[in-house]
Amino acid sequence: MGERGQRRRVSCWWVTGIFLLCCGERILAQLRYSVSEEVQVGSPVGNVAKDLGLDISTLTDRRFRIVSGPNHALFQLNQNNGVLYIGHIVDREELCDGIKVCLINLKVVVESPLEIHYVGVEILDVNDHSPIFPESEQQLQIAEHTPPGTRFKIHAARDPDVGLQSVRLYKLSPNNFFDTEIRDSEEDKIPFLVLKKPLDREQKSEHHLVLTALDGGSPSKSGSLNLTITVLDANDNRPVFSKEIYTVTLDENAPIGTLVIQLNATDLDEGSNSEIEYTFGKTQKRKVYDTFELDSVTGEIRMKGNVDFEDTEIYRLDIQASDKSDLPWTAESRVVIKIKDVNDNQPDIEVTSLSNIVAEDSKPGTVISLISVTDKDSGLNGKVICKILGNVPFDLTPSIEENMYSLVTKGRLDREIVSHYDITITATDCGDPPLSTVKSFLVQVADVNDNRPLFSQNPFELYLVENNVPGGSIYSVSAADIDLNENAAIAYHIARGNGLHRDITSFLNVNSENGHISALKSFDFENLKTFQFQVVATDSGTPSLSSNVTVNVFILDQNDNAPVILYPVSSNGSAEGVEEIPRNVNAGHLVTKVRAYDADIGYNGWLLFSLQEVTDHSLFGLDRYTGQIRTLRSFTETDEAQHKLVILVKDNGNVSLSATATVIVKVVEPKEAFAASDVKSATMDEEDNNVTFYLMITLGSVSTLFLISIIVLIAMQCSKSTDYTSKYLQEPNYDGTLCHSIQYRSGEKRYMLVGPRMSVGSTIVPGSHANTLMLPDRRTMTGETGSMSNRFTESF
């Protein structure tokens with residue numbers, strides 16, 4: 001390693017030593033090495049054969065190799081010299097992001113005789129990442145009256161490296177107003193921006209700073225964050241009008257809403273301190289309020305009533321402008337309005353509606369209203385031109401009589417797009433200047449049943465825990481109809497099919513009014529994993545319209561099955577057995593093994609063994625995962641000849657279930673043990689044959705149920721294409737409970753091996769040091785399809 005000049009270190013240490021398994025034919029040992037990430041392919045990690053004491057010349061014949069497993073392709077074994085070397089470039093952050101100790105576990109096997117060795121390779125971190133902020137820029141807003149010493153939290157940088165090579169220091173670009181403080185947390189360092197001196201928005205409204213994060217590597221790497229501080233304003237300026245006196249000329253009889261003038265006042269402050277509100281002076285005459293209106297936001301003065309030159313020649317309006325701070329400033333101005341004498345007779349529009357409601361399926365040309373236009377003037381001033389404003393599906397058709405019109409439809413209507421129309425008609429005479437009148441009225445579009453109910457999605461996915469309460473609500477579907485009234489009144493019912501589908505749906509009921517679905521029976525996961533049914537939504541229109549939705553139901557497992565003892569079992573069926581052992585056996589002697597299984601899956605089916613009752617705690621020990629009972633020491637003359645052991649077997653459900661087995665251990669003299677061994681071996685052979693027969697029947701039944709369920713599922717989903725990718729990995733002789741658990745989860749399928757290195761409720765990710773493998777499940781279906789699983793658990 002040193003001759004290649006690469007920066008890495010390799011260490012090897014024994015963890016557990018060597019111990020015998022399977023009658024001395026299989027040897028288990030464990031080594032541990034360490035190597036830096038990013039080293040070149042082919043770099044040696046350690047000499048496994050030498051450290052295990054194996055003969056290098058026999059490695060090829062004994063098929064010295066690495067057994068397939070997670071991340072095994074990262075390393076290779078040389079059968080010529082026994083060296084473990086790098087097979088692919090290793091990125092520690094990709095394998096073990098956020099984990100302090102990154103350990104890759106390998107299984108090395110040699111044959112003749114068969115030996116299994118466990119090798120752990122710790123991947124050491126190098127400084128190959130720079131600190132990164134979540135954003136490249138952060139904006140802060142600080143009021144100009146904020147006192148010095150105030151702290152503001154800013155973004156913290158993250159470095160994927162660990163230890164001293166993570167973020168260590170923050171630096172702020174030089175400035176006169178701000179500094180930084182660092183607060184250490186359990187995982188990282190959090191920076192704060194501290195105000196050193198008061199801010200003045202009128203002098204500088206924005207401050208631009210750069211915060212740099214440095215890691216502790218050598219050389220150090222860095223990342224930066226651009227800070228923009230906006231200084232908020234305080235109210236220290238009063239509004240100012242652009243003029244002290246405004247003068248404007250207005251034609252008499254100007255239409256209501258005519259813009260007379262738009263005032264303009266400004267304030268140098270910002271925010272609400274610069275927002276101007278306009279009002280009339282408090283001493284204004286009542287006639288001014290009746291004739292003019294002032295927009296308090298825009299400062300626009302518009303006509304509110306009619307003006308007549310013969311009545312009033314000039315109006316004087318006092319205007320105030322105030323800002324919107326808590327203590328507002330106010331400015332005053334005057335508007336002088338001079339009235340100009342013009343032709344003061346406007347056209348008059350009269351609308352006679354046949355009906356203000358029109359059906360959305362009305363044909364073009366349907367008459368809605370009659371329009372009559374009159375003008376008191378004569379000649380060109382009395383000649384009126386009438387038209388409709390805006391882009392609406394209506395038109396004015398002239399009548400035989402002068403100045404008479406019919407309002408008719410000119411296009412198709414759709415109430416769901418536009419439910420009503422504001423019709424605006426203008427009448428303009430031909431005088432100089434011309435005068436006009438505007439008339440507006442409302443036309444409602446009546447609904448017809450032209451839309452079917454629609455569900456929010458199709459299909460729905462329902463995950464239902466088994467043992468539900470019969471008659472209780474299990475799900476709710478809802479459809480919407482964009483029509484109105486009875487056309488949108490929806491009733492629900494379940495589509496009843498034939499055969500198995502009808503048998504299942506006969507146990508379901510849906511509330512016709514609200515779509516609440518209830519089950520009339522309790523479902524059992526062990527008998528039924530999944531099924532589907534359809535809900536139909538029908539509106540109350542004439543004729544009625546309907547649509548349906550598919551509901552895929554996936555039954556979820558509960559811990560409702562207690563463990564079953566397979567061995568020991570007495571002739572009367574109770575979980576009792578008698579074992580005879582010689583008195584001269586040594587410590588570690590295998591007395592017997594308790595076997596059990598659980599019909600549930602996952603943690604509900606993971607069994608643990610414990611001694612509930614024992615005559616002498618110093619004599620016997622029980623492996624909590626395998627159920628093996630072994631002697632803890634040699635027997636003495638004072639030890640009793642018979643011992644009773646009560647073994648408790650319980651699962652790992654939230655509310656665990658259990659069973660007990662009783663083992664009577666009789667200690668006999670060696671000669672008696674040899675004499676009884678022949679008889680016992682014959683008996684044991686017969687019992688083993690019976691157990692094997694029962695196991696074959698059980699496995700055959702489970703497999704048959706599984707195949708039937710798969711065929712039913714494929715038949716239910718025959719209209720959809722599904723691409724499943726499944727892989728099954730076999731690993732020899734794991735102690736523990738094997739649970740093939742296919743979980744209903746979008747986009748993934750899990751095969752979980754629950755073993756002694758894994759705690760209940762722990763979360764295991766790919767590459768972690770546990771017996772769990774997560775396999776992707778690529779699907780082309782838009783919804784999730786749950787898979788049914790059967791699991792048989794036995795500890796050997």
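## A guided reading of a strand-rich model

The protein has five helices and 54 strands, and the reader should keep in mind from the outset that this is a predicted model. Of the 796 residues in the protein, buried residues make up 42%. The accessible surface comes to about 42800 Å², and carbon and sulfur atoms account for 51% of that surface. Among the contacts between residues at least 6 apart in sequence, 66% join residues at least 24 apart.

A convenient place to begin is the interior. The largest nonpolar core holds 28 residues, and the members that touch the most other members are V477, Y492, F531, F533 and V551. Two or more residues are given to this core by each of several strands, namely β35 (460-465), β36 (473-476), β38 (490-495), β39 (508-510), β40 (516-519), β41 (530-539) and β42 (546-556). Apart from this core lies another one, of 27 residues, which includes L31, V48, L52 and C102. As background to both, nonpolar side chains in soluble globular proteins tend to be buried together.

V551 offers a closer view of the largest core. When its neighbours within four places in sequence are left aside, V551 is in contact with F460, L462, Y475 and V477, and also with F531, Q532, F533 and V535. Of these partners, V477, F531 and F533 are themselves listed, together with V551, among the core residues that touch the most other members.

Some of the strands that contribute to this core are also paired with one another. Strands β36 and β40 run in the antiparallel sense and pair over three bridges, and Y475, a contact of V551, has I517 in β40 as its bridge partner. Strand β40 also pairs with β39, again in the antiparallel sense and over three bridges, and here the bridge partner of N509 is S518 in β40. Strands β39 and β40 form a hairpin with five residues between them, and in the turn G515 has a positive phi of about 80 degrees.

Elsewhere in the chain, two residues show how burial can be read at single positions. T180 lies in strand β13, which covers residues 178-184, and T180 counts as buried because its relative accessibility is 18%, below the 20% limit used for that class. Beyond its neighbours within four places in sequence, T180 is in contact with Y170, L172, F192 and L211. V39, by contrast in setting, is found in the loop between β3 (26-36) and β4 (44-47), and with a relative accessible area of 7% V39 is buried as well. The C-alpha atoms of V39 and V90 are separated by 7.2 Å, although the two residues are 51 residues apart along the chain.

Charged residues add another kind of link. Side chains of opposite charge can pair when their charged atoms come close, and the structure holds 14 salt bridges. In one of them the side chains of R302 and E300 meet at 3.1 Å, N to O; R302 is partly exposed, with a relative accessible area of 28%, whereas E300 is buried, at 18%. Another joins the side chains of R415 and D447, also at 3.1 Å, N to O. This pair links distant parts of the chain, with R415 in the loop between β31 (404-409) and β32 (420-429) and D447 in the loop between β33 (436-446) and β34 (454-455), 32 residues apart. Both R415 and D447 are buried.

A further salt bridge brings together the side chains of R633 and D616, at 3.4 Å, N to O. R633 lies in the loop between β49 (628-631) and β50 (642-650), and D616 in the loop between β47 (608-614) and β48 (620-622), so the pair ties together parts that are 17 residues apart in sequence. With a relative accessibility of 24%, R633 counts as partly exposed. In addition, salt bridges that share partners join R63, R65 and E111 into one network.

The last stop is on the surface. F693, Y694 and I697 form a nonpolar patch there, and together these residues have about 340 Å² of accessible area. F693 is found in helix α5, which covers residues 670-716, and F693 counts as partly exposed because its relative accessibility of 48% falls between the 20% and 50% limits.

Key: Residues are numbered from 1 along each chain as its sequence is written. This is a predicted model: local features need pLDDT of at least 70, side-chain atom pairs count only at pLDDT 80 or more; totals for chains, interfaces and linings use all residues. Side-chain values use heavy atoms; hydrogens and water are left out. A nonpolar core is a set of buried Ala, Val, Leu, Ile, Met, Phe, Trp, Tyr and Cys residues joined through side-chain atoms within 4.5 Å. Buried means under 20% relative accessible area, exposed over 50%, partly exposed in between (1.4 Å probe, protein chains only). Helices (H or I, at least four residues) and strands (E, at least two) are DSSP runs, numbered from the N terminus. Contact means heavy atoms within 4.5 Å. Patches are made of residues with over 30% relative accessible area and no salt bridge: like charges are joined within 9 Å, nonpolar side chains (Val, Leu, Ile, Met, Phe, Trp, Tyr) within 5 Å. Accessible areas come from the Shrake-Rupley method with a 1.4 Å probe; for residues, only the protein chains shown count as cover. A salt bridge is a side-chain nitrogen of Lys or Arg within 4 Å of a carboxyl oxygen of Asp or Glu. Two strands pair if DSSP finds at least two bridges between them.
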